[in-house]
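Reader: Hey, I've just opened this one and don't know my way around yet. Could you walk me through it?

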Amino acid sequence: MSDIETALRASLAEHARHAPAGATLAEQIIAETQHTTPVEPRRGRQWRTWTLPLIAAGSVVAVVAALAGLGAVHHGAGPQPAAPAPSATPAPSAPSAASAASAPSTGAPQPSSGSTAITSTGLGLTHFQVIDMTFVGAQNGWALGTADCLDGSGKPCAAMVRTTDGGATWRSMRQPAGAGVPLLTCTDACIRSIRFATTTIGYAFGDSALFMTNDGGATWTRQPGGADALETLNGNVIRLVSDHSGCPGPCNLQVKLAPVGSSTWTAVTLPGGVIDTGLATLTRSGSAATIETSAGQAGSMHSVWLYTSADDGKSWTKRPDPCTTAGAAAVGAPQASQSITSGADGSISLLCGGVNGAKGVTVTSTDAGATFRAGTPFQFGCCAVIGAASASVLVVISDQSERSADGGHTWRPIGDTALRAGNLTFIGFESTQVGRVATDAGRTILTTHDAGRTWSAFTFPGS
Amino acid sequence: VWELLMDGDPSFTVFVRVYTSALLRTAYLLTGTAVGAEDLVQDTLVRLYPKWDNVEAADVPIAYVRRSLVNAFVNQTRRPASRDLVFDVLPERADGRDVVTQLDDRDQIWTLLRTLPERQRAAVVLRFFHDLPDEEIGAALGCRVGTVRSLISRGLAALRGRATDADSGPAARRYA
């Protein structure tokens, strides 16, 4: 045996002793598999890859609307204690803060009265509808949504599911105890979004509630306050917090940072002092982060500001709405920010909507928001939202979905008729190739692996 | 052991409790980090859970699971790099001090091992930690015996060459 082989054997034996202990992980794995109920896809199509969400986005107005429209019925899926259950999310492209009024509708379930705690029946979920999704790596994903209550009432309940095989199968999972997911109205513990930083550390949150898990969702711990938006990348978490009393929208918007898994948050000052805004949207890609705020009435084009960071949220620069500058200059008519997203390459893209029926245009920045380049004016359809695989590949989904491969200069229709904004609850690109759209009110997930050229569908059982 | 495990107990649960630590050791040698090892083991076992009958039917269930783990490692690292990076310890900075000379051979080889391509690293770990024969390594990696020998040979050559470079060059070269 050579010296290198001898040294190699000794090195491997020595360092194997530094491997983490397995007892805790074993119990987590057992809990994850034994305490959940498989949800098989209705169709035979397999997810090929799920990669990390690259697009960090804030809450989708449609999501809020969906939750607000659901009854206060809790869904305790899987063999778990009867407890209120919230759901989770991935990183979607978000409607602009200024375009809340034109955000896509969700076809949310009808409200139901009363609150019913459901115990597990061991059956799979039916009629699951995605509200939000989040992915860590190619295989591990979580989705927040609604599904039929397990009591057979036919009423919608909040549900949280996860996949460990890239979306081929989904299982219901334990939701934060005591965190009722108010489906009719968002009350104290309303949770409308979910993010996971690792397979064990995740966050479920709403304006007034924030829960964190350090064990893959087996247990959730409520943290003080809530989160208007929260995104985790690069080992840290950016959280937008505000108080919701005394003004129509988030008041006194603040940015807080924490290491992943930490409950100690550090406040970061945004330029411009106190920010009272109608809506705030957070997107992240790499070290770049963007907050879009609407400081006035929704739809008012002069009320939108961007706050950009190139250092994971440690410092921010305030910038004017690029739709009113680069966008309006390209169209020759007033423009208002309608939707914002981040590309996998760190680019920032906004969809600018024309006022009074004028053409719209996309504007894209590849320098963390310092400058924006406009595409060619185009007549987008109703209620359009934007997704970006990169600075070059843009997808605008409306009642006539279009794709551009040259930064918004030329557009070609996307053939899939399921890609319509009217039924869309989520759009996001995880990489320059992989993107996802939750459509048909969240019943169907469309995935592209070729930067939006073609899309394959996955429909949850019962839909 | 497996027969005993199957005697009246839910096989998956018992298997996980018995073998997770062993799988973590393999995963740690493959990934080089505790977080990566835990993710790899968890992903592997959870993915196998729906088709656990296949594991039970295997001649050597732990070998079947280890094969899946190695496959997951090789396939996982072929994908684009993850966007979320979580460190359980802060990465050390190269500060110019003669840290390298303080490493013994085992530390040096451990560092160099992580520079090998994934399939070479997996083949080396399976051979020199698990002492698996070429045939079983080939089954784990989905390749022929000849390829296994080539992977190990090239891996050892690379380790030997890089170790030589490190011994003769500046500190930074050891980590290039």
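**Where the two chains meet**

Author: Sure, and one thing up front: this is a predicted model. Across the interface of chain B and chain A there is one salt bridge.

Reader: Which side chains make that salt bridge?

Author: R9(A) and D131(B), at 2.4 Å from N to O. R9(A) sits in helix 1 (residues 3–16) of chain A, while D131(B) is in the loop between helix 7 and helix 8 (134–141) of chain B.

Reader: Are those two buried or exposed?

Author: Partly exposed, in both cases. D131(B) has 49% relative accessibility, and R9(A) has 24%. The cut-off for buried is under 20%, so R9(A) does not count as buried.

Reader: OK, and how many residue pairs are in polar contact across the interface?

Author: Four, with both residues of each pair at pLDDT 80 or more.

Reader: Which helices of chain B supply at least two residues to the side that touches chain A?

Author: Helix 2 (11–31), helix 3 (34–48), helix 6 (105–113), helix 7 (118–128) and helix 9 (145–168). Helix 2 of chain B gives the most, with 10 residues.

Reader: What's that side of chain B made of, by class?

Author: There are 22 nonpolar, five polar and 14 charged residues on the side of chain B that touches chain A.

Reader: And how many residues does each chain put into the contact?

Author: Chain B puts in 41 residues and chain A puts in 50 residues. The area buried between the two chains is about 4,200 Å², and carbon and sulfur atoms give 65% of that area.

Reader: Let's switch to chain A. How many helices and strands does it have?

Author: Four helices and 30 strands.

Reader: What share of chain A counts as buried?

Author: 63% of its 463 residues. Its accessible surface comes to about 14,700 Å², with 54% belonging to carbon and sulfur atoms.

Reader: What about contacts between parts of chain A that are apart in sequence?

Author: Take the contacts in chain A between residues at least 6 apart in sequence: 57% of them join residues at least 24 apart.

Reader: Back to salt bridges for a sec. How many are there over all chains?

Author: A search of the whole structure finds eight. One of them pairs R284(A) with D312(A), at 3.0 Å from N to O.

Reader: Where do R284(A) and D312(A) lie?

Author: R284(A) is in strand 15 (residues 280–285) of chain A, and D312(A) is in the loop between strand 17 and strand 18, so the pair ties together parts that are 28 residues apart in sequence. R284(A) is buried at 0% relative accessibility, and D312(A) is buried too, at 10%.

Reader: Anything else about D312(A)?

Author: Yes, its backbone. Phi of D312(A) is near 60°, a positive value in a residue other than glycine. That loop runs between strand 17 (304–309) and strand 18 (317–320) of chain A.

Reader: Why point out a positive phi?

Author: Because most residues other than glycine have a negative phi.

Reader: What's phi like at A451(A)?

Author: Phi of A451(A) is also a positive value, near 60°. A451(A) lies in the loop between strand 29 (444–448) and strand 30 (456–459) of chain A. With 3% relative accessibility, A451(A) counts as buried.

Reader: Got another salt bridge inside chain A for me?

Author: Try R192(A) with D207(A), where the closest N and O atoms are 2.3 Å apart. R192(A) is in the loop between strand 6 (170–172) and strand 7 (193–196). D207(A) is in the loop between strand 8 (202–206) and strand 9 (209–213), and the two residues are 15 residues apart.

Reader: Is R192(A) buried or exposed, and how about D207(A)?

Author: R192(A) is buried, with a relative accessible area of 4%, whereas D207(A) is partly exposed at 30%.

Reader: Last one: which residues are joined into one network by salt bridges that share partners?

Author: D132(A), R195(A) and E231(A).

Note on methods. Residues numbered from 1 in each chain as written. Chains lettered and ligands numbered in written order. Predicted model: local features only at pLDDT ≥ 70, side-chain atom pairs only at ≥ 80, totals over all residues. Heavy atoms only, no water. Contact = heavy atoms within 4.5 Å. Buried area = accessible area lost by both parts, 1.4 Å probe. Salt bridge = Lys/Arg side-chain N within 4 Å of Asp/Glu carboxyl O. Polar contact = N/O pair within 3.5 Å; in protein donor to acceptor, adjacent residues only side chain to side chain. Nonpolar A, V, L, I, M, F, W, Y, C, P; charged D, E, K, R; others polar. Buried < 20%, exposed > 50% of the residue type's maximum accessible area, 1.4 Å probe, protein only. Areas by Shrake-Rupley, 256 points an atom, 1.4 Å probe, with all protein chains shown as cover.
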